[in-house]
Amino acid sequence: MIRRSLASAVLGLSLLCAAPAFAQAPAIAPTHLQAAREIMDITGVTSSIEGIYRQFEENTQQLLTTRPEAAKDAKAVIEELRPEAQKRSDEMIRNAAEIFAKKLTEADLKEAATFFKSPVGQRYLKLRSDAMNEVFDLMQPWSVQTSNYLFDRFSQEMRKRGHQL
């Protein structure tokens, strides 16, 4: 019992002493963050984050179609919430930019931005959504079929080894 308490105290003390080292991660240069933000803007990440409020607004208004007497108050509340939502979006965008900046160098981000601004990059961005929808439609039945096939093969192999599933 004493050993466990002593070990816990030592672990706690070591974590406490190590905390300043973790807290002092090198700051990301503003230009690096700006390059990350530009990629987010170009590729639609920023608009996806900002779209959360628009989706909330649409869902709320749709929910209230059966309550017309609450529509006026609901609109007012939705507008009152807009600054709070914007603040939360800004925070998420900053956090996301930091993640992108940690994953890619500033030079890589600038090179990616150059690509996305190029004619082929613009075509890619324009067609990406449609292509991903088609891939998703193709993947749904494929994933079920593949999963079933693999489970059947797994069952066969397990039976060969004397296991019934």
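This is a short talk about how the helices of one protein are arranged and which residues meet between them.

Good morning, everyone. Please keep in mind throughout that the structure above is a predicted model. Let me start with the overall picture: the protein has six helices and zero strands, and if you read along the sequence, the pattern is α-α-α-α-α-α. Of its 165 residues, 18% count as buried, and the accessible surface comes to about 13300 Å², with 61% of that surface belonging to carbon and sulfur atoms. If we take the contacts in the protein with a separation of 6 or more, residues 24 or more positions apart account for 72% of them.

Now to one pair of helices. Two packed helices are described by the angle between their axes and the distance between the axes. Here, the axes of helix α2, residues 30–43, and helix α4, residues 71–103, come within 8 Å and cross at roughly 105°, which means that α2 is roughly perpendicular to α4. On the α2 side, the residues taking part are His32, Leu33, Ala36, Arg37, Ile39 and Met40, and they meet Ile93, Ala96, Ala97, Glu98, Phe100 and Ala101 in α4. Sorted by class, this contact has nine nonpolar residues, one polar residue and two charged residues.

Let me turn next to the largest nonpolar core, which has 13 residues, and in which Ala36, Ile39, Met40, Ile49 and Leu109 touch the most other members. Helices α2, α4 and α5, the last of these spanning 106–117, each supply at least two residues of this core. It is worth following Leu109 a little further, since, leaving out residues up to four places away in sequence, Leu109 touches His32, Ala35, Ala36, Ile39, Phe100, Ala101 and Leu104.

Finally, I would like to look at two threonines. Is Thr43 buried or exposed? Thr43, whose place is in helix α2, has a relative accessible area of 12%, so it is buried, because buried means under 20%. Apart from its neighbours within four places in sequence, Thr43 is in contact with Phe116, Leu125 and Arg128. The other threonine, Thr46, lies in helix α3, residues 45–63, and Thr46 also counts as buried, at 4% relative accessibility. What does Thr46 touch, not counting residues up to four places away in sequence? The residues are Arg37, Met40, Asp41 and Ile93, and of these, Arg37, Met40 and Ile93 are names you have already heard in the contact of α2 with α4.

Terms used:
Residues are numbered from 1 along each chain as its sequence is written. This is a predicted model: local features need pLDDT of at least 70, side-chain atom pairs count only at pLDDT 80 or more; totals for chains, interfaces and linings use all residues. Side-chain values use heavy atoms; hydrogens and water are left out. Helices (H or I, at least four residues) and strands (E, at least two) are DSSP runs, numbered from the N terminus. Buried means under 20% relative accessible area, exposed over 50%, partly exposed in between (1.4 Å probe, protein chains only). Contact means heavy atoms within 4.5 Å. Accessible areas come from the Shrake-Rupley method with a 1.4 Å probe; for residues, only the protein chains shown count as cover. Axes are lines fitted to C-alpha atoms, for helices over the stretch in contact, and angles run from 0 to 180 degrees between N-to-C directions. Angles under 35 degrees count as roughly parallel, over 145 as roughly antiparallel, 65 to 115 as roughly perpendicular and the rest as oblique. Ala, Val, Leu, Ile, Met, Phe, Trp, Tyr, Cys and Pro count as nonpolar, Asp, Glu, Lys and Arg as charged, and the others, Gly among them, as polar. A nonpolar core is a set of buried Ala, Val, Leu, Ile, Met, Phe, Trp, Tyr and Cys residues joined through side-chain atoms within 4.5 Å.
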